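Visitor: I'd like a close look at one part of this structure, and then a walk outward from there to the rest of the chain. Please take your time with it.

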Amino acid sequence: MNITLRQLKVFVSITQEGSITAAAEKLFLTKSAISMALAELERQLGRKMFDRANKQLILNEQGRRLLPLADELLDRAEAISQIFEGEDATNGNLRVGSSYTIGNHLLPTLLGDFRKNTGYLHQSLSLSNSTKTCRMLLDFELDLGFIEAKISDKRLKVEPWMTDEMVVICAPSQCPNADEPLALEALEGNNWVLREPGSGTREYFLTEVGSKLNDWTEAFELNSTTAIVNAVIAGLGLAVLSRRSVSAAVQDGRLSILPLKQKMTRQFSLVYNTEKYQSPVFKSFKEYAHNWALGRE
């Protein structure tokens, strides 16, 4: 058996991109070269890694068994090649994924501090909602993720990271007069601007606010915190967002925060695929992220 790194790279790329055409574009190879590499890999293993259905490749059980091993071999091969490429080459590459709230308001500072204090310079950051971040972790497209939603997939290890305060926001002209903190029942009958399905912020609203109201209406669904802030400023409804994401708009008077009796917090989590190879830079960053979060609640 003579399996090559190129064959494994083709296999992993097909699983991540979903098709031979997309894998060819990613690897700058022809479709025929991708097909030949996959066919040779399957011939040497004596197993098909994908089920073929309507010209689509669907990863089968054999492929799922190979994927974590192939990913680890490719990571180790990259680490070996970097040893002799210069002083900074031992850093390795770290692919970080994050939900929008964490990625916009916390991770730039975390990554900047990490680089400054450790000298590791090769990290990438991908922003999406919590559900997509977890999907990318399961597809071995990311090494580590930061999410705000609750997950239950046993393949993903979830570690508590930081807590986040949630607030109800409104346009100053539309906020009810309140000398004392309001009960949630005072918010009955309002329109709400929500994030898209898969977002931890939307999940929080539905479980902690919407489920406790008898009468509420979804006025808009938007996939951007900035868009939600602007929609609320325009008077299109109320919204529940992280205090971190609305502080600037509140300070300059464009938004108001409704005082509530109910304390609203959620958990930010650090999450990773337990089947994925954990490189030295992964372990270093994970430990640094936990230490960095101390005192920043």
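How many disulfides does a search of the whole structure find?

Guide: Happy to take you through it, and please keep in mind that this is a predicted model. The search of the whole structure finds one disulfide. Its partners are Cys170 and Cys175, with the two sulfur atoms 1.5 Å apart. The torsion about the S-S bond is 70°, and the link of Cys170 and Cys175 is right-handed. Both ends are hidden from the surface: Cys170 is buried, and Cys175 is too. Another cysteine worth a glance is Cys134, which is buried because its relative accessible area is 6%, under the 20% cut-off.

Let us walk outward from the disulfide. Strand β6 covers residues 156-170, and the disulfide residue Cys170 carries the number that ends this range. A step back along the chain is Ile169, whose C-alpha atom is separated by 9.1 Å from that of Ile233, although their positions lie 64 residues apart along the chain. Ile233 belongs to helix α9, residues 225-233. With a relative accessible area of 29%, Ile233 is partly exposed, since that value falls between 20% and 50%. Setting aside neighbours within four places in sequence, Ile233 is in contact with Ala171, Arg254 and Leu255.

β6 also leads us inward. It is one of the elements that supply at least two residues each to the largest nonpolar core, alongside β3 (94-98), α6 (107-118), β5 (144-147), β11 (265-273) and α11 (280-293). In soluble globular proteins, nonpolar side chains tend to be buried together. The largest core here has 22 residues, and the members that touch the most others are Leu110, Phe146, Trp161 and Phe285. Helix α11 contributes the most to this core, with seven residues.

Phe146 gives a good view of how these pieces meet. Beyond its neighbours within four places in sequence, Phe146 has contacts that include Val96, Gly97 and Ser98, then Leu107 and Leu110, then Trp161, and further along Ser269, Leu270, Phe285 and Ala289. Ser99 and Ile102 are in contact with Phe146 as well.

Gly97, Ser98 and Ser99 turn up again around Thr133, a residue of helix α7 (residues 130-138). Thr133 counts as buried because its relative accessibility is 0%, under the 20% limit. Once neighbours within four places in sequence are set aside, the contacts of Thr133 are Gly97, Ser98, Ser99, Ser128, Leu142, Gly145 and Ile147. The C-alpha atoms of Thr133 and Tyr272 are separated by 10.0 Å, with the two residues 139 apart along the chain.

There is also a second, separate core, made of 19 residues and including Ile14, Leu57, Leu67 and Leu74.

Now to the N-terminal helices. Helix α2 (residues 20-27) has Ala22, Ala23 and Ala24 as its buried residues. Their cover includes α1 (5-17) and α3. After α2 comes Phe28, with a positive phi near 60°.

Helix α3 deserves a longer stop. It runs through residues 31-45, and at 1.5 Å a residue its 15 residues should span 21 Å; the end C-alpha atoms are 21 Å apart, so the model agrees with that expectation. The buried residues of α3 are Ala33, Ile34, Ala37, Leu38, Leu41, Glu42 and Gln44. They cover an arc of only 165° around the axis, and therefore sit on the same side of α3. On the face turned away from that buried side are the exposed residues Met36 and Arg43. Within the helix, Gln44 counts as buried because its relative accessible area is 16%, under the 20% cut-off. Leaving out neighbours within four places in sequence, Gln44 is in contact with Met1, Asn2, Ile3 and Gln7. Gly46 follows α3, and its phi is positive, near 70°.

Finally, step back to the whole chain. It holds 11 helices and 11 strands, and its C-alpha atoms fill a box of roughly 75 × 50 × 30 Å along the principal axes. Of its 297 residues, 44% are buried. Among contacts with a separation of 6 or more, 75% are between residues 24 or more positions apart. The accessible surface comes to about 15300 Å², and carbon and sulfur atoms account for 50% of that.

Conventions
Residues are numbered from 1 along each chain as its sequence is written. This is a predicted model: local features need pLDDT of at least 70, side-chain atom pairs count only at pLDDT 80 or more; totals for chains, interfaces and linings use all residues. Side-chain values use heavy atoms; hydrogens and water are left out. Helices (H or I, at least four residues) and strands (E, at least two) are DSSP runs, numbered from the N terminus. The expected span of a helix is 1.5 Å times one less than its number of residues. Buried means under 20% relative accessible area, exposed over 50%, partly exposed in between (1.4 Å probe, protein chains only). The arc is that of the directions from the helix axis to the C-beta atoms. A nonpolar core is a set of buried Ala, Val, Leu, Ile, Met, Phe, Trp, Tyr and Cys residues joined through side-chain atoms within 4.5 Å. Contact means heavy atoms within 4.5 Å. Accessible areas come from the Shrake-Rupley method with a 1.4 Å probe; for residues, only the protein chains shown count as cover. A disulfide is a pair of cysteine sulfur atoms within 2.5 Å.
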